[in-house]
Amino acid sequence: MNKEENKLAQEKFGDAINSGNLEQLREVVAQDVKDHDPAPNQGPGPQGYIDFFGMMRNAFPDMQVEVEHLVADEDNVAFAYTLKGTHKGDFMGVEGTNKSINVRGMQISRFRNGKMVERWGSSDELGILKQIGADVMIKK
């Protein structure tokens with residue numbers, strides 16, 4: 001694949017998340033995708049992403065991911081993003097608070113034949129918890 005095709009596949013991934021049409025993830029995530037940084041309780045393959053983002057959209061129904069900076073080559077797409085939303089449902093044991101979140105993250109995805117086959121990423125989960133008013137205790 002070329003970098004433009006990889007960028008299009010990554011864009012389709014983002015469109016699925018932002019629109020809530022999560023079944024679309026099956027078209028761009030390989031069944032045997034290797035996620036180096038899975039979310040807590042995230043299962044394997046496309047279904048793992050569908051379940052995770054379903055939970056996120058339940059917690060933040062208006063959730064939007066905005067790509068701030070993106071670079072790509074023949075195999076990989078890397079980007080920095082901002083995640084925004086309003087906390088309406090359960091997130092990590094915290095019931096909806098109607099508080100807004102605005103956090104940053106980064107992701108690198110490797111593609112083969114139009115599908116994501118490997119992923120590395122980091123999202124500011126602590127930032128989300130703090131912004132929704134969770135009692136966050138950091139032990140020394």
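**Surface patch and largest pocket**

On the surface, a nonpolar patch is formed by Leu126, Val136 and Ile138, which together have about 250 Å² of accessible area. The structure described here is a predicted model. Of the patch members, Ile138 is found in the segment that follows α3 (125–131). The relative accessibility of Ile138 is 63%, so this residue counts as exposed, the threshold for that class being over 50%.

We turn next to the pockets. The largest pocket has a volume of about 790 Å³. Its lining comprises 42 residues, and those closest to the pocket centre are Phe52, Phe53, Tyr81, Arg119 and Ser123. Two or more lining residues are given by each of the helices and strands α1 (3–19), α2 (45–59), β2 (64–72), β3 (76–86), β5 (115–123) and α3. Among the contributors to this lining, α1 provides the largest share, with 10 residues. For readers who would like the chemical make-up of the pocket, the lining divides by class into 21 nonpolar, 11 polar and 10 charged residues.

A further residue to look at is Met106, which is part of strand β4 (residues 100–112). Met106 has a relative accessibility of 55% and therefore counts as exposed. In sequence, Met106 and Asp124 are separated by 18 residues, while in space their C-alpha atoms are 9.3 Å apart.

Methods:
Residues numbered from 1 in each chain as written. Predicted model: local features only at pLDDT ≥ 70, side-chain atom pairs only at ≥ 80, totals over all residues. Heavy atoms only, no water. Patch = residues over 30% accessible without salt bridge, like charges linked within 9 Å, V, L, I, M, F, W, Y side chains within 5 Å. Areas by Shrake-Rupley, 256 points an atom, 1.4 Å probe, with all protein chains shown as cover. Salt bridge = Lys/Arg side-chain N within 4 Å of Asp/Glu carboxyl O. Helix = DSSP H or I, 4+ residues; strand = E, 2+ residues; numbered from the N terminus. Buried < 20%, exposed > 50% of the residue type's maximum accessible area, 1.4 Å probe, protein only. 1 Å grid on protein atoms, 1.4 Å probe; cavity = no way out; pocket = protein on both sides within 12 Å on 5 of 7 lines; lining within 4 Å. Points joined across faces, edges and corners; volume = space filled by probe spheres on them. Nonpolar A, V, L, I, M, F, W, Y, C, P; charged D, E, K, R; others polar.
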